[in-house]
Amino acid sequence: MKPSKSTGFHDELPPSLASTYVGMWRVIYEADPCHLSASWTQSLQKWRQAVLDQHLLRLFVDIYHLGPVLFLFCIFSRLVRGLEDACTIYFSNQVIRSIEDGLASGTPDTQDIVFWLVARVFISAALAVWRHLTSMADPILSTRIKLYFEERAMEAQVDMDYVAVTSYQSCDFTPPSAWGTLYAILEAVDALCATGSQILLVVSMTQSREDGWMILVVCIAKLFSDAVLAEPLQSKAYLAQITDKLYLRMRALYTVAMDVSYRKDLIGGAFGRHLVDEYRLARQALGDISDEVPYHLLPGHSTLASKVLTDSINNLPVLIVGASALLHPRHTSLSCLTMIEQASFSLRHSVSRLSYVMSNLYRSLESIRTIYNKIDAHAEKLKADAHKVRYPAVDRKDQRGMEIHFRNVSFRYPQSESDKFALQNVDFHIKPSSLVVIVGANGSGKTSIANLLSGFYPPTAGEILIDGVDAQAYRPLDRHEATALLTQDYNILPLTISENIALGDPYDIADEYRVQEAARLGGSADFVSRLPKAWSTVLHPVPSVNPLGYIEDGPLRKAMDDLDKFTDVSGGEKQRLAASRAFMRLMSPKTRLVVIDEPTSAMDPLGEYQLFEKLRELQQGRTMICVTHRFGHLTKYADQILCVDHGNVVETGTHDELLRSDGLYAKLYNVQADGFTSAIHA
Ligand SMILES: Nc1ncnc2c1ncn2[C@@H]1O[C@H](COP(=O)(O)OP(=O)(O)OP(=O)(O)O)[C@@H](O)[C@H]1O
């Protein structure tokens, strides 16, 4: 198979990485100068770390409290399971030995044979019962652990800041890995026990033979050299990059043709046939390079000769016993031969399983470290938040609206790859209870101001004062509770419509009257009451059907499609639901700031007008800040308009003041107003 060479991709890798080409792929992996298997050494380091950090101990204590009997049973079951192969081999061979002895002496010992036969059958049955009990206990304990850690994960996640939760590091909190870690440890116990018991078996069998030590050394040394020294590429983590440009192009052509999200472009552009023709040309040019996943193509480090040699060496124990039988036929025992054959085979299997289990274990240890680090970070955050200033301050309790002061605020998105600041040296003051409108061109920084006002991000430089105190000094939860948000960036939650609205004020979630009132104000009450399940409708349910295996067309496929069916509503109706949730919050006595950012893009003009009118009616002394592109409803009532350009507030004033000053605001306003007047005159 000819390897596909890189064409224009970054070939240079840091010295710690190496790469190889297989089929379509360039495989990149960590170059390890160490002779010992990297996975084993890494695993040992992680073990040490886990023991030192006490994460393992904490995991065991937590799991023990979830089910002491179940937990102990699971550990004990693995010990027993580890003995299973050695027991089976031992009892089988006792049967063969007693038969062989009988054949050799000419008078079979019936009692002895029956005893070992019964013992063999009994032990098989007992092990089967044990396996059955284990298979019943495991799912119970695993579900308890997963759900318990899911709850801890939720606890930690819901209190996190927006920046922390959207940062890359927070994404690796995977609660199922707690069970995964315990499972990996249980597997390691099982594999260790199996390996130990089988080594003991081989030792006991070889003890009585002169060549016993030789058999033992061959059995064990070979196994451990395989497990510890061999470093097949398959056991490493690696990146596989498609380097063949032709093949990448074919993937792109195929995706455009097959993915329904491109269907309108494809049909509208009438370029479907062109895609197929291009694909065909590329396929012909590609030749016979395999696109099998690299795992199957990786050769590891062994050649064909070394593979043949390795497999031949595996037969050494039996070869030694066979040679000894030829040299000393009188002292030869067939039961011993079969037992050594079986035991060495089983030992080989156990050691390779142990190697696999240990190499995976360090990943599990890493994941519990992540879990407990997150749990600890959460506890620290709660402690730190508890010392922050409460909002509103006691002396501002009677004030209905938030007072906001931006002082020389600059802001760059933390996840931004460029050095560009979204806002630079922004200064403005918003009086309590005022209605403020932010206008400006696309990308000028309006939403960024709304994001800072909502407390999603801290400023990169400068200060935001809320009621005269640095916004960062307040308890984040108090600040969020005091803010009602209505933006274009909303989600319909996978809960009932009623809950979707009620969550606008979680403290008053059971007040059905308020939910209906919020729905009326947000303009969603009419369409919700027309839905078959009305307020209990779940618009975006979490998937409940999990197809296992390939489901062909037929009754099962139909049942699957029916079970997965859900009600959907229009974009404008979803916006009305989002608005209803915001009204629910707006009605809360805690709300002191309303931030509105272009929430009506999918609404009809009447819906938009009514929404803004109701917002103004319900403002009732709260500070209201509205980002908009449309001049009209709100700008003429605004106490203050902030006109933003290139990340800076360039003009402030009322509608009339800004029109008089004939600056950017007047220009933006006139462009819109001209559109209407020229349409009327035309
Ligand atoms: N999440 C983000 N990460 C990085 N940069 C961002 C992010 N969101 C916005 N920006 C950048 O910040 C600048 C200001 O964007 P912002 O969304 O505040 O403008 P806007 O005035 O609200 O625009 P629009 O009217 O199009 O909504 C832009 O240059 C934008 O590319």
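Helices (H or I, at least four residues) and strands (E, at least two) are DSSP runs, numbered from the N terminus. The model is predicted: local features need pLDDT of at least 70, side-chain atom pairs count only at pLDDT 80 or more, and totals for chains, interfaces and linings use all residues. Residues are numbered from 1 along each chain as its sequence is written, and side-chain values use heavy atoms, with hydrogens and water left out.

**Exercise 1. Place Lys 590 in the fold and state how accessible it is.**

Step 1. Lys 590 sits in the loop between helix H21 (571-586) and strand E10 (593-597).

Step 2. Its relative accessible area is 38%, so Lys 590 is partly exposed. Here buried means under 20% relative accessible area, exposed over 50%, and partly exposed in between (1.4 Å probe, protein chains only).

Step 3. Now look for a partner in space: the C-alpha atoms of Lys 590 and Asp 505 are separated by 9.6 Å, with their positions 85 residues apart along the chain.

**Exercise 2. Describe what surrounds the ligand.**

Step 1. Count the shell: 14 residues surround the ligand, each with a heavy atom within 4 Å of it. The closest are Lys 420, Gly 443, Lys 446, Thr 447 and Ser 448.

Step 2. Sort the shell by type: 3 residues are nonpolar, 9 polar and 2 charged. In this scheme Ala, Val, Leu, Ile, Met, Phe, Trp, Tyr, Cys and Pro count as nonpolar, Asp, Glu, Lys and Arg as charged, and the others, Gly among them, as polar.

Step 3. Find the polar contacts (pairs of N or O atoms within 3.5 Å; within protein, one must be able to donate a hydrogen and the other to accept it, and residues adjacent in sequence count only if both atoms are side-chain atoms). A polar side-chain atom of Lys 420 is 2.5 Å from a ligand oxygen atom, and one of Asn 442 is 2.9 Å from a ligand oxygen atom. Gly 443 uses a backbone N or O atom, 2.8 Å from an oxygen atom of the ligand.

Step 4. Check the cover: of the 630 Å² of accessible area that the ligand has on its own, the protein covers 66%. Such areas come from the Shrake-Rupley method with a 1.4 Å probe; for residues, only the protein chains shown count as cover.

**Exercise 3. Work out which parts of the chain the salt bridge of Arg 81 and Asp 190 links.**

Step 1. Apply the criterion, a side-chain nitrogen of Lys or Arg within 4 Å of a carboxyl oxygen of Asp or Glu. The whole structure holds 20 salt bridges, and in the one between Arg 81 and Asp 190 the N to O distance is 3.2 Å.

Step 2. This pair links distant parts of the chain, with Arg 81 in helix H3 (residues 68-105) and Asp 190 in helix H6 (residues 176-206), 109 residues apart.

Step 3. Compare the two ends: Arg 81 is partly exposed at 25% relative accessibility, whereas Asp 190 is buried at 3%.

Step 4. Widen the view: Arg 81, Glu 187, Asp 190 and Arg 353 are linked in a network of salt bridges.

**Exercise 4. Explain why Arg 280 and Asp 277 are separated by about one helical turn.**

Step 1. Arg 280 and Asp 277 form a salt bridge, with their closest N and O atoms 3.3 Å apart.

Step 2. Both lie in helix H10 (residues 272-286), and they are separated by about one helical turn because they are 3 residues apart there.

Step 3. Arg 280 is partly exposed at 36% relative accessibility, and Asp 277 is partly exposed at 35%.

Key:
A residue is near a molecule or strand if one of its heavy atoms lies within 4 Å of it.
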